[in-house]
Amino acid sequence: MNWIFSGKYQSCLKRTTSGKVPSLMRMVNLRVSYNARRIALGLAVILVLGFLLLPGQLQSVFQSIGSPLGWVISWPLQAVAGIHDRIADIWGRYVALQGVEEENQQLKRELDLLKEQNGQLREASAATERLSALLEFKRQALPTSVAAQVIGRDIGNWYKTIILNKGASDGIQSDQGVITPAGVVGRIVKTTASTAVVLLVTDPNNAIAGLIQRTRDEGIVEGTTQGQARLKYIPLLSNARPGDHVVTSGLVGGFPRGIPIGTIIRIDKEEEALFQSAELSPEVDPNRVEDVLVIRSFPLPTEGERLGVPKPKP
């Protein structure tokens, strides 16, 4: 009250009546406007954040009010809530897709591992079956033979050979025969302490004594440059024909009698020639041989067996 009746307040009133705004009142108005703007700004920020972060809750609040103002405000809130839900849905799908992608990668790695294991098991099963048949054949027919595995192939044009993982230290020597349960593979031509080289039956430098089972005609089996085999020196009077089976004669070489060599697919008879010849399809595909038997020794045929005389019944 003392301040109202002071000279400074009176002078301010005098300047107000003169049409000018007093400096003190202008200061008070400016302070009130500044606070009001801060409050309005704060409310605006809160409202915007509420619109963006809690549109659904605010919409429910304004709809519960039920007033025209709440109804008007709920419409933009409904649009913002829709956008908010849409963004949340897209984000949720994106996170879910990230998880699905990681799961797919993990499943793909597990599938590759299972495929590899399946291939190894198939290979082991095939090797077991092949070795079982080979050992059974060895036990029944040639108990003194040596089982060996193919560890190399000569794919050059000079010689058709394979390399075995058994050598001189296992009792293997040159000229010993090499077979599988299906038939003749070739014969040993070179050895080291731990390996042996086999000249295949399809090599032109090879020669194995053969016998036509049906006609009992003998000849020499040689390889051809086409990877087949040929039976040479068949007598002219022989009635050999395609389809006849040729086996080892057992007379020379490192093979016992009766090991299959091949099947006649064509007879060649030239005019004025002293002998016939026959093209053979080998019983064993040397390019696919993996396990073999090396014949170290075998019983020589008796004279009756050599001449094809049947054995007397007991």
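1. A word on terms before anything else: buried here means under 20% relative accessible area, exposed means over 50%, and partly exposed is in between, using a 1.4 Å probe and protein chains only. By that yardstick phenylalanine 275 is partly exposed, at 43% relative accessible area. Keep in mind that this is a predicted model, where local features need pLDDT of at least 70, side-chain atom pairs count only at pLDDT 80 or more, and totals for chains, interfaces and linings use all residues. Residues are numbered from 1 along each chain as its sequence is written, and side-chain values use heavy atoms, with hydrogens and water left out.

2. The overall tally. The chain has five helices and 12 strands, taken as DSSP runs (H or I, at least four residues, for helices; E, at least two, for strands) and numbered from the N terminus. Of the 314 residues in the chain, 28% are buried. Counting contacts (heavy atoms within 4.5 Å) with a separation of 6 or more, 54% come from residues 24 or more positions apart.

3. The barrel. Six strands close up in the order β6-β7-β8-β11-β10-β9, with antiparallel pairing; two strands pair if DSSP finds at least two bridges between them. From one strand to the next the twist averages 40°, with axes being lines fitted to C-alpha atoms (for helices over the stretch in contact) and angles running from 0 to 180 degrees between N-to-C directions. As a reminder, strands of a sheet pair through backbone hydrogen bonds, parallel or antiparallel.

4. Going round strand by strand. β6 and β7 (residues 218-223) pair antiparallel over five bridges, and glycine 210 stands opposite glycine 219 in β7. β7 and β8 are antiparallel over four bridges, where glycine 223 has alanine 229 in β8 as its bridge partner. Then β8 and β11 pair over five bridges, again in the antiparallel sense, with isoleucine 234 partnered by glutamine 276 in β11.

5. The turns deserve a look. The β6 and β7 hairpin has five residues between the strands, and arginine 216 there takes a positive phi near 60°. Arginine 216 is not a glycine, and its relative accessible area of 41% makes it partly exposed. The hairpin of β7 and β8 also has five residues between its strands, and here the positive phi, about 85°, belongs to glycine 227 in the turn. For context, most residues other than glycine have a negative phi.

6. Which other non-glycine residue should you check for a positive phi of about 65°? That would be tyrosine 233, which lies in strand β8 and is partly exposed at 42% relative accessibility.

7. Aromatics. A search of the whole structure gives two aromatic pairs, where rings of Phe, Tyr and Trp (its six-membered ring) pair if their centres lie within 6.5 Å; planes under 30 degrees apart are stacked, over 60 edge-to-face, and the rest tilted. Tryptophan 91 and tyrosine 94 make a tilted pair, 5.7 Å centre to centre with 35° between the planes. Both sit in helix α4 (residues 68-140), three residues apart, or about one turn of the helix. Tryptophan 91 is exposed at 55% relative accessible area, while tyrosine 94 is partly exposed at 44%. The rings of tyrosine 233 and phenylalanine 275 also have centres 5.7 Å apart, but their planes are at 90°, so this pair is edge-to-face. Tyrosine 233 is in β8 and phenylalanine 275 in β11, so the pair ties together parts 42 residues apart in sequence.

8. The core. The largest nonpolar core (buried Ala, Val, Leu, Ile, Met, Phe, Trp, Tyr and Cys residues joined through side-chain atoms within 4.5 Å) has 21 residues, and Val221, Leu231 and Val246 have the most contacts inside it. The elements giving two or more residues to this core are β6 (207-212), β8 (229-235), β10 (260-268) and β11, and β8 gives the most, with three. Leaving aside neighbours within four places in sequence, valine 221 is in contact with residues including Ala229, Leu231, Val246, Ile261 and Leu280. Another core lies apart from it, with 15 residues, among them Val150, Ile162, Ile188 and Leu200.

9. Finally, glutamate 279. Is this residue of strand β11 (residues 275-282) buried or exposed? Glutamate 279 is buried, because its relative accessible area is 16%. Its side chain makes a polar contact of 2.8 Å with that of arginine 266; such a contact is a pair of N or O atoms within 3.5 Å, and within protein one must be able to donate a hydrogen and the other to accept it, with residues adjacent in sequence counting only if both atoms are side-chain atoms. Beyond four places in sequence, the contacts of glutamate 279 include Gln228, Arg230, Thr263 and Ile265.
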